[in-house]
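Please look through the structure shown here with the help of the paragraphs that follow, which move from the chain as a whole to its interior, its open spaces and a few single residues.

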Amino acid sequence: MNNPKKLILLSLILCFISYYKVFPAYFVAEDWEWFDRVGALNIFSVYKIFLPQKLGGIEAFFYRPTVPFSFWVNLKLFGLNPIGYHLTNIFLHLTAALLVYKTALHLVNNRKSAILSFCFDTAFNEKSELY
């Protein structure tokens with residue numbers, strides 16, 4: 001599979017097959033907690049997501065600013081429509097899978113092994129909250 005367009009098409013197909021049960025799902029419990037934490041932030045206060053709590057940042061058990069920032073951006077773009085959140089997460093998952101492919105290709109220098117790694121990463125993701 002030398003054509004990058006074919007790899008991206010394969011990733012889209014695998015991701016949508018893997019995530020098809022997600023699209024009708026609504027938000028889960030911790031999603032509402034994130035809405036509470038980031039909902040009041042505006043463009044001038046969003047920097048608080050990136051600060052530790054001791055320095056005036058938002059309340060969070062771990063310092064992982066990607067999650068609250070993603071919730072903040074999605075909340076501003078899509079409101080409380082879960083489809084936008086699902087599409088954003090699929091895009092992020094596809095990006096990570098493509099990075100797995102590039103890393104595997106660099107490490108083993110074997111395109112078939114890299115594609116297999118990519119397929120496993122794309123198809124066998126963690127969806128424990130859906131079942």
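The protein chain holds five helices and zero strands, and, when it is read along the sequence, the pattern that appears is α-α-α-α-α. What is shown is a predicted model, and its C-alpha atoms fill a box of roughly 50 × 35 × 25 Å when the box is taken along the principal axes. The chain has 131 residues, of which 32% count as buried. If we consider the contacts between residues at least 6 apart in sequence, 57% of them join residues that are at least 24 apart.

A good place to go next is the interior. In soluble globular proteins, nonpolar side chains tend to be buried together. Which residues make up the largest nonpolar core of this chain? The core has twelve residues in all, namely F27, W34, F35, V38, L41, V46, I49, I58, F71, W72, L75 and Y85. Two elements, helix 2 (29-38) and helix 3 (66-78), are the ones that give two or more residues to this core. One of the core residues, F35, can serve as an example of how such a set is joined, for when residues up to four places away in sequence are not counted, F35 touches F27, F71, L75, L80 and Y85. Apart from this core lies another, of nine residues, which include A97, Y101, F118 and C119.

F118 gives a way into that other core. This residue is found in helix 5, which covers residues 111-123, and F118 counts as buried because its relative accessibility is 0%. Leaving aside the neighbours within four places in sequence, F118 is in contact with L7, L10, S11, A97, L98, V100 and Y101. How far apart in space are F118 and A97, which are 21 residues apart in sequence? From C-alpha to C-alpha, F118 and A97 are 5.6 Å apart.

From the cores we can turn to the space that the atoms leave open. Rolling a probe the size of a water molecule over the atoms shows where empty space is left. The second largest pocket holds about 300 Å³ of space. Its lining consists of 16 residues, and the closest of them to the centre of the pocket are W34, A60, F61, F62 and Y63. Helix 2 and helix 3 are the elements that give two or more residues to this lining. W34, already named as a member of the largest nonpolar core, is therefore a residue to look at twice, since W34 is also among those closest to the pocket centre. When the lining residues are divided by kind, twelve are nonpolar, one is polar and three are charged.

Charged side chains can also meet each other, and here the count comes to one salt bridge. It joins the side chains of R37 and E33, with a distance of 3.8 Å from N to O. Where along the chain do R37 and E33 stand with respect to each other? They are four residues apart in helix 2, so they are separated by about one helical turn. R37 counts as partly exposed because its relative accessibility is 25%, and E33, with a relative accessible area of 43%, is partly exposed as well.

The loops deserve a look too. P52 lies in the loop between helix 2 and helix 3, and at 40% relative accessibility P52 counts as partly exposed. Leaving aside neighbours within four places in sequence, P52 is in contact with G57 and Y63. P52 and F62 are ten residues apart along the chain, and their C-alpha atoms are separated by 9.1 Å. R64 is also found in the loop between helix 2 and helix 3, and R64 counts as exposed because its relative accessibility is 53%. Between the C-alpha atoms of R64 and T103, which are 39 residues apart along the chain, the separation is 23 Å.

The last stop is N109, in the loop between helix 4 (82-108) and helix 5. Is N109 buried or exposed? Its relative accessible area is 68%, so N109 is exposed. The backbone of N109 is worth noting as well, for N109 has a positive phi of about 55° although this residue is not a glycine.

Technical notes: Residues are numbered from 1 along each chain as its sequence is written. This is a predicted model: local features need pLDDT of at least 70, side-chain atom pairs count only at pLDDT 80 or more; totals for chains, interfaces and linings use all residues. Side-chain values use heavy atoms; hydrogens and water are left out. A nonpolar core is a set of buried Ala, Val, Leu, Ile, Met, Phe, Trp, Tyr and Cys residues joined through side-chain atoms within 4.5 Å. Buried means under 20% relative accessible area, exposed over 50%, partly exposed in between (1.4 Å probe, protein chains only). Contact means heavy atoms within 4.5 Å. On a 1 Å grid over the protein atoms alone, a cavity is a set of points where a 1.4 Å probe fits but cannot get out, and a pocket is an open set with protein on both sides within 12 Å along at least five of seven lines; lining residues have an atom within 4 Å of a point. Grid points are joined across faces, edges and corners, and a volume is the space filled by probe spheres set on the points. Ala, Val, Leu, Ile, Met, Phe, Trp, Tyr, Cys and Pro count as nonpolar, Asp, Glu, Lys and Arg as charged, and the others, Gly among them, as polar. A salt bridge is a side-chain nitrogen of Lys or Arg within 4 Å of a carboxyl oxygen of Asp or Glu.
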